[in-house]
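I am starting a notebook on a structure I have not looked at before. The entries follow the order in which I looked things up.

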Amino acid sequence: MRVLGIDTSCDETGVAVYDTDRGLLGDRLYSQIATHAEYGGVVPELASRDHVRKLAPMVRQLLAELELAPAELDGVAYTAGPGLVGALLVGAAFARGYAMALDRPSIAVHHMEGHLLAPLLEPDPPSFPFLALLVSGGHSLLVEVAALGSYRVVGDTLDDAVGEAFDKTAKLLGLAYPGGPALAALAEEGDRDRFPFPRPMTDRPGLDFSFSGLKTHTLNRWHETEQTDRDRADIAAGFQAAVVDTLAIKCRRALRASGFRRLVVAGGVGANRLLRARLKALGAEEGVAVHYPRLAYCTDNGAMIALAGALRLAEAADDATIHARPRWSLDQLTPPAA
Ligand code: KG4
Ligand code: ZN
């Protein structure tokens, strides 16, 4: 079975085709970074309009590249949420219409389920159950994954998501949007011990996160310095070390509480080098296998949506409903119908 996957949840247009026998056949991604850069953040209306321009040609190009006729698709999966509602609606309406024209089912996929299943695209996929750390621009979640569709969110952020904290902190330090990767690159040159940063909420039990305090801490340190390149790099390094330590402490706790022997790390911040190294070391210490998607599938992409859609093809609805849910908890998902 072949499923076309579409992600338009935020500022990237992602399309892909997944084959249940042969795996991922191909994918394409268009990033809107240049569109939003001058505003210092994602402008929702511009994001929607750009998805409108890019989506249909990208699907056509991908199918041409794969030498697939639309009729060779068995279903069309799309991100139905969470995300920017206008952006979601572009993908949802296109996918529903395209599926209807082909007389195939459409599948409404949860974006974070896509992220947490992304490591299944790799040659050595994790088996269930596993603990998932999902760290993106909109979410910071620890999830006990018992099976496909059986998710228990055990940790969540009380304020900023990790990627959001990276982006906002980068902005405070004068780095261009999107700041997360730039801040991470700068941090690699800095001295992480020069400015002590707190490890928020690690001194009390529980698995929730709070990252907005680190942002304020950064701003205060920045104003105390002469704001040289050196100061900027050292503060970035202190910030990144604090975030990574905090995530590692909570992962260790959640692994011990669940007893799971596998950890999956996904979402845009899963591309962070220090985080990957730290969690790999944690896995070795705890006797836990750590799985990541490749870097291109950590950030938003169509491949993870095509995969999740293929796994849920059996339950695909044939009604005409177009699903777009800006807010949608992973806890509400259920295993696919047999
Ligand atoms: O999963 P994603 O592509 O989009 C959302 O669903 O949010 O995640 C994007 C987030 C952004 O906040 C970005 O700054 C962050 O991931 N990010 C990073 C790195 N690469 C991307 N944060 C820290 N270090 C990185 N290397
Ligand atoms: Zn995402």
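Before the first entry I note a definition: two strands pair if DSSP finds at least two bridges between them. I also note that this is a predicted model.

**Entry 1: the first strands**

I looked up how strand β1 (residues 2-7) is joined to β2. Six bridges link the two strands, which run antiparallel. In β2, V17 is the bridge partner of L4. I found four residues between β1 and β2, and the two strands form a hairpin.

I then followed β2 to strand β3 (residues 23-31). Eight bridges join this pair, again running antiparallel. Here V17 stands opposite G26 in β3. β2 and β3 also form a hairpin, with three residues between them.

Is strand β2 buried on one face or on both? I listed E12, G14, A16 and Y18 on one side and T13, V15, V17 and D19 on the other, and all are buried. That matches the count for β2 (residues 12-19), in which eight of eight residues are buried. I add one general remark: in a regular strand the side chains alternate between the two faces of the sheet.

**Entry 2: the open sheet**

In what order do the five strands of the open sheet lie? I wrote down β8-β7-β6-β9-β10, with mixed pairing. The edges are β8 (150-155) and β10 (289-291), each of which pairs on one side only. Neighbouring strands of this sheet are turned by 25° against each other on average, direction ignored.

I checked strand β9 (residues 262-266) at its β10 side. The two strands run parallel and are joined by three bridges. L263 of β9 has V290 in β10 opposite.

Next I looked for helices on this sheet. Helix α8 (residues 229-258) lies across β6 (130-135), β7 (140-147) and β9, and runs at about 155° to β6. Helix α9 (residues 273-286) lies across β6, β9 and β10, at about 155° to β10.

**Entry 3: rings and charges**

I found four aromatic pairs in the structure. One of them is F94 and Y98, which are stacked at 5.3 Å centre to centre with 20° between the planes. Both residues lie in helix α3 (residues 85-102), four residues apart, about one turn of the helix. Why do I file Y98 as buried? Its relative accessible area is 18%, and the cut-off for buried is under 20%. F94 has 21%, so I file F94 as partly exposed.

Another stacked pair is F209 and F211, at 5.7 Å centre to centre and 20° between the planes. F209 is buried at 0% relative accessibility, and F211 is buried at 0% as well.

I also looked for charges over rings. K54 lies over the face of Y30, at 4.2 Å from the ring centre. The charged end of R276 sits over the ring of Y292, 4.2 Å from its centre.

**Entry 4: the cores**

Which residues touch the most other members of the largest nonpolar core? Of its 55 residues, they are L4, L116, L134, Y151 and L330. Helix α10 (residues 303-311) supplies the largest share of this core, seven residues. I followed Y151 further: its contacts beyond four places in sequence include L116, V143, V145, L330 and L333.

Apart from this core lies another, of 44 residues, among them F209, F211, W222 and I235. I close with a general note: in soluble globular proteins, nonpolar side chains tend to be buried together.

Conventions
Residues are numbered from 1 along each chain as its sequence is written. Chains are lettered from A and ligands numbered from 1 in the order in which they are written. This is a predicted model: local features need pLDDT of at least 70, side-chain atom pairs count only at pLDDT 80 or more; totals for chains, interfaces and linings use all residues. Side-chain values use heavy atoms; hydrogens and water are left out. Axes are lines fitted to C-alpha atoms, for helices over the stretch in contact, and angles run from 0 to 180 degrees between N-to-C directions. Contact means heavy atoms within 4.5 Å. Rings of Phe, Tyr and Trp (its six-membered ring) pair if their centres lie within 6.5 Å; planes under 30 degrees apart count as stacked, over 60 as edge-to-face and the rest as tilted. Buried means under 20% relative accessible area, exposed over 50%, partly exposed in between (1.4 Å probe, protein chains only). A charge sits over a ring if NZ of Lys or CZ of Arg is within 6 Å of the ring centre and within 35 degrees of the ring normal. A nonpolar core is a set of buried Ala, Val, Leu, Ile, Met, Phe, Trp, Tyr and Cys residues joined through side-chain atoms within 4.5 Å.
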